[in-house]
Amino acid sequence: QVQLVESGGGLVQAGGSLRLSCAASGLTFSSYVMGWFRQAPGKEREFVAAISRSGTTYYADSVKGRFTISRDNAKNTVYLQMNSLKPEDTAVYYCAARLRVVVTTNNYNYWGQGTQVTVSS
């Protein structure tokens with residue numbers, strides 16, 4: 001079955017960096033759009049970034065210029081490099097996979113279990 005396993009979350013001070021990883025199995029990774037979403041306490045899950053099958057990237061305005069999404073099809077892994085972190089970036093971060101085109105809604109086929117990112121001020 002399809003599994004998406006996130007790692008790399010943790011506690012970091014404002015201005016710091018973290019790199020999240022999401023290892024995928026049970027699917028033909030190169031055929032899937034990969035996305036990162038996040039959910040803060042009391043808020044709805046929101047789009048963070050996505051990368052198409054060909055490597056085109058998309059970002060939420062709130063993270064543009066600070067976060068970078070990338071993929072390694074040989075390792076079936078998608079990454080989210082997060083720099084200049086802010087307290088408002090605190091959330092559970094989820095990776096997700098869907099076929100065909102990139103969307104910024106929650107309409108993805110598969111989801112990971114999430115990894116906590118906490119940014120202290």
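Which backbone oxygen does the side chain of Arg71 reach? Select Arg71 and Tyr32 to see: the side chain of Arg71 reaches the backbone oxygen of Tyr32 at 2.8 Å. Keep in mind throughout that this is a predicted model.

**Stop 1: Arg71**

Stay on Arg71, which is in strand 7. Arg71 is buried yet has no salt bridge. Look for the nearest side chain of opposite charge and you arrive at Asp72, 8.4 Å away. A salt bridge requires the nitrogen and the carboxyl oxygen to be within 4 Å, so Asp72 at 8.4 Å does not qualify. Add Asn73 to the selection: its side chain makes a polar contact of 2.9 Å with the side chain of Arg71. Then show the surroundings. Residues up to four places away in sequence aside, Arg71 touches Phe29, Ser30, Tyr32, Val33, Met34, Ile51, Ser52, Arg53, Thr77 and Val78.

**Stop 2: Met34 and the core**

From that set, select Met34. Its contacts, leaving aside neighbours within four places in sequence, are Leu4, Cys22, Phe29, Ala49, Ala50, Ile51, Ile69, Arg71, Val78, Ala96, Ala97 and Tyr108. Now add Trp36, Leu80, Met82 and Tyr93; together with Met34 these touch the most other members of the largest nonpolar core, which has 35 residues. To see where the core draws its residues, colour strand 3, strand 4 (32-39), strand 5 (46-51), strand 7, strand 8, strand 9 and strand 11 (115-120), each of which supplies at least two.

**Stop 3: the disulfide**

Cys22, already listed among the contacts of Met34, is the next selection, along with Cys95. The two form a disulfide with their sulfur atoms 1.9 Å apart. Because Cys22 lies in strand 3 (residues 18-25) and Cys95 in strand 9, the pair ties together parts that are 73 residues apart in sequence. Both cysteines, Cys22 and Cys95, are buried. The disulfide count for the model is one.

**Stop 4: the salt bridges**

Side chains of opposite charge can pair when their charged atoms come close. The model has four salt bridges by count; three are visited here.

Begin with Arg66 and Asp89, whose closest N and O atoms are 2.7 Å apart in a salt bridge. This pair links distant parts of the chain, 23 residues apart: Arg66 is in the loop between strand 6 (57-59) and strand 7 (67-72), and Asp89 is in the loop between strand 8 (77-82) and strand 9 (91-99). Are these two residues buried or exposed? Both Arg66 and Asp89 are buried.

Next, select Arg38 and Glu46, a salt bridge with its closest N and O atoms 2.6 Å apart. Here the accessibilities split: Arg38 counts as buried at 6% relative accessibility, while Glu46 counts as partly exposed at 36%. Show both pairs at once, since salt bridges that share partners join Arg38, Glu46, Arg66 and Asp89 into one network.

Finish this stop at Asp61 and Lys64, whose side chains meet in a salt bridge at 3.1 Å, N to O. Asp61 counts as exposed, with 66% relative accessibility.

**Stop 5: Gly8**

Move to Gly8, in the loop between strand 1 (3-7) and strand 2 (10-13). At 35% relative accessibility, Gly8 counts as partly exposed. Not counting residues up to four places away in sequence, Gly8 touches Leu18, Arg19, Leu20 and Thr115. Last, draw a distance from Gly8 to Gln113: their C-alpha atoms are separated by 13 Å, with the two positions 105 residues apart along the chain.

How values were computed:
Residues are numbered from 1 along each chain as its sequence is written. This is a predicted model: local features need pLDDT of at least 70, side-chain atom pairs count only at pLDDT 80 or more; totals for chains, interfaces and linings use all residues. Side-chain values use heavy atoms; hydrogens and water are left out. Buried means under 20% relative accessible area, exposed over 50%, partly exposed in between (1.4 Å probe, protein chains only). Helices (H or I, at least four residues) and strands (E, at least two) are DSSP runs, numbered from the N terminus. A disulfide is a pair of cysteine sulfur atoms within 2.5 Å. Lys and Arg count as positive and Asp and Glu as negative; His and the chain ends are not counted. A polar contact is a pair of N or O atoms within 3.5 Å; within protein, one must be able to donate a hydrogen and the other to accept it, and residues adjacent in sequence count only if both atoms are side-chain atoms. Contact means heavy atoms within 4.5 Å. A nonpolar core is a set of buried Ala, Val, Leu, Ile, Met, Phe, Trp, Tyr and Cys residues joined through side-chain atoms within 4.5 Å.
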